[in-house]
Amino acid sequence: MWLGILFYASPSMLSAVFPFLSISCKIKVTMKLSTKIILFWGTLLLTIALGISFYAEYVVGNVFKKQAGSNLRIIAEQSEGTYLAFLGSMKGRVLDWTSDNTIRGITKQILDAPAGSPLRARLAKEFADYLSEKKMPYDKTIFLTELLDKNGIVIASTRPERIGNDERNEKRIHQKVHDFDSTIKSKFGDVFFGTIVMDEDDSPEPSLNVTARLFDIDKNGDFKPLDAVLLVYYSNVMRIADVLGSGTSVYAGSPAVTGRLTSKMLFVEYHTSDLYLVNNERLMVTPSRTIRDVKVKQRVDTLPVRECLEHGKEISEEYDNYQGVRVLGASMCFQKEGIVVLVEIEKNEVYAPLTTLIRYTAIGGAVFLIFGILIIIIFIRRPLALINDIVMV
């Protein structure tokens with residue numbers, strides 16, 4: 001009987017008899033439609049915001065990383081060329097000295113004189129006096145000059161107390177203080193550079209050693225090699241740093257002293273940028289932003305240093321620097337000389353514009369999502385009411 005009444009009764013009658021049934025159906029239908037619409041549009045807006053953030057972080061982020069890597073690589077290659085040009089000036093100085101007739105003449109006499117004889121001692125003093133008075137005053141960065149025999153023994157020096165020292169043993173201690181073995185077998189015009197050495201016994205500043213074999217000229221004009229090597233000690237590493245654009249003048253706030261656009265970009269636009277040299281003992285030998293005094297002997301055993309000294313490779317990628325800070329860097333490798341040129345910028349600074357973009361995108365997306373949901377709720381109430389009436393009918 002009740003089924004018959006429900007079947008034949010009109011909606012108005014049902015509403016009158018069962019008022020709670022109409023109210024329940026209305027609420028159920030309304031909430032179901034509004035929830036679906038809000039969830040749909042909310043999900044759509046959230047997906048758009050997340051998509052923009054993902055695009056900014058990964059797509060734009062890779063562009064940032066590649067651009068910074070390219071800039072660092074350009075600066076590193078420019079620094080390599082500048083460093084080679086600086087070495088070229090030292091090469092010219094040493095070759096000029098090996099071509100000096102007085103130096104060649106004294107060297108031949110020393111080689112002919114018996115070891116330990118008064119004659120050799122007198123000639124060694126003559127060698128030291130000539131260089132100290134006639135040559136070294138024209139280049140204040142040269143603090144020591146020595147003459148080595150074919151076995152690497154010092155036979156004349158501007159510091160007489162060093163006569164008799166075995167420079168091959170010095171090479172074993174510092175791994176590559178100079179390249180005597182290659183020099184004694186070289187041809188005329190060849191000059192060899194050692195690594196930058198931190199040895200306070202010789203010089204309070206880092207020093208760079210240059211070697212060249214001496215040659216005589218016979219009657220036919222041919223070069224005849226002598227069993228002697230000229231060893232010149234330079235204390236010009238700070239000057240190298242200034243030439244590269246990483247010296248004290250740059251860190252004092254005057255990057256324009258170098259006059260190079262790339263150096264200006266590196267040191268002015270990037271406040272965490274750094275450019276310094278590391279030797280084969282993995283010690284920093286030119287100033288950095290955080291270490292101005294290289295006498296502290298800061299050890300740098302980072303990825304680019306290992307790749308250069310162990311494998312002869314140059315890199316341009318992301319790694320941890322000597323402070324454990326994540327950086328983007330590029331290196332130039334002089335494996336033979338035991339020198340690594342490093343150019344670095346902290347990763348956080350490179351990605352700072354991208355981080356700001358992502359943060360503003362997230363905030364804007366959240367605001368847009370909330371505002372969008374409110375708009376949906378406000379403007380769909382009337383259409384939902386009409387849809388509810390249709391459904392109820």
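Me: At about how many degrees to strand 4 does helix 4 (residues 101-112) run?
Reply: This is a predicted model, where local features need pLDDT of at least 70, side-chain atom pairs count only at pLDDT 80 or more, and totals for chains, interfaces and linings use all residues. Residues are numbered from 1 along each chain as its sequence is written, and side-chain values use heavy atoms, without hydrogens and water. Helices (H or I, at least four residues) and strands (E, at least two) are DSSP runs numbered from the N terminus, and angles, from 0 to 180 degrees, are taken between N-to-C directions of axes, which are lines fitted to C-alpha atoms, for helices over the stretch in contact. Helix 4 lies across strand 1, strand 2, strand 4 and strand 5 (223-234), and its angle to strand 4 is about 80 degrees.

Me: Which strands does helix 5 (residues 118-135) lie across?
Reply: Helix 5 runs at about 45 degrees to strand 2. The strands that helix 5 lies across are strand 1, strand 2 and strand 5.

Me: What is the order of the five strands in their open sheet?
Reply: Strands of a sheet pair through backbone hydrogen bonds, either parallel or antiparallel. Here the pairing is antiparallel, where two strands count as paired if DSSP finds at least two bridges between them. Strand 2 (154-157) and strand 3 are the edge strands, each pairing on one side only, and neighbouring strands are turned by 25 degrees against each other on average, direction ignored. The order of the five strands is 2-1-5-4-3.

Me: Which residue of strand 2 stands opposite leucine 148?
Reply: Strand 1 (residues 142-149) pairs with strand 2 over three bridges, in the antiparallel sense. Opposite leucine 148, in strand 2, stands valine 154.

Me: Is helix 4 roughly parallel or roughly antiparallel to helix 5?
Reply: The axes of these helices come within 9 Å and cross at roughly 160 degrees. Angles under 35 degrees count as roughly parallel, over 145 as roughly antiparallel, 65 to 115 as roughly perpendicular and the rest as oblique. The crossing angle therefore makes helix 4, with respect to helix 5, roughly antiparallel.

Me: Which residues of helix 4 make the contact with helix 5?
Reply: Contact means heavy atoms within 4.5 Å. On the side of helix 5, the contact includes Arg120, Leu123, Phe127 and Tyr130. From helix 4 come Thr102, Ile103, Ile106, Gln109, Ile110 and Leu111.

Me: Which helix gives the largest share of the largest nonpolar core?
Reply: A nonpolar core is a set of buried Ala, Val, Leu, Ile, Met, Phe, Trp, Tyr and Cys residues joined through side-chain atoms within 4.5 Å. The largest one has 57 residues, and those with the most contacts inside it are Tyr83, Trp97, Ile110, Phe127, Leu147 and Leu277. Ten residues, the largest share of this core, come from helix 3 (residues 19-98).

Me: Is methionine 198 buried or exposed?
Reply: Methionine 198 is in the loop between strand 3 (192-197) and strand 4 (207-217). Leaving out residues up to four places away in sequence, methionine 198 touches Pro206, Leu283, Val285, Val294, Lys295 and Lys297. Buried means under 20% relative accessible area, exposed over 50% and partly exposed in between (1.4 Å probe, protein chains only). Because its relative accessibility is 10%, methionine 198 counts as buried.

Me: What is the relative accessible area of aspartate 139?
Reply: Aspartate 139 is found in the loop between helix 5 and strand 1. Beyond residues up to four places away in sequence, aspartate 139 touches Arg93 and Tyr234. Aspartate 139 is buried, and its relative accessible area is 12%.

Me: Which strands are the edge strands of the open sheet of four?
Reply: The order in this sheet is 6-9-8-7, and the pairing is antiparallel. Eight bridges join strand 8 to strand 9 (residues 339-346), while five join strand 7 (residues 316-320) to strand 8 (residues 326-334). Pairing on one side only, the edge strands are strand 6 (274-279) and strand 7.

Me: Which residue in the turn of the hairpin has a positive phi?
Reply: Strand 7 and strand 8 form this hairpin, with five residues between them. Aspartate 320 stands opposite arginine 326 in strand 8. The residue in the turn with a positive phi, about 80 degrees, is glycine 324.

Me: Which residues of helix 11 are buried?
Reply: Helix 11 (residues 303-311) packs on the sheet and touches strand 6, strand 7, strand 8 and strand 9. These strands are included in what covers the buried residues of helix 11. Those buried residues are Pro304, Val305, Glu307, Cys308 and Leu309.
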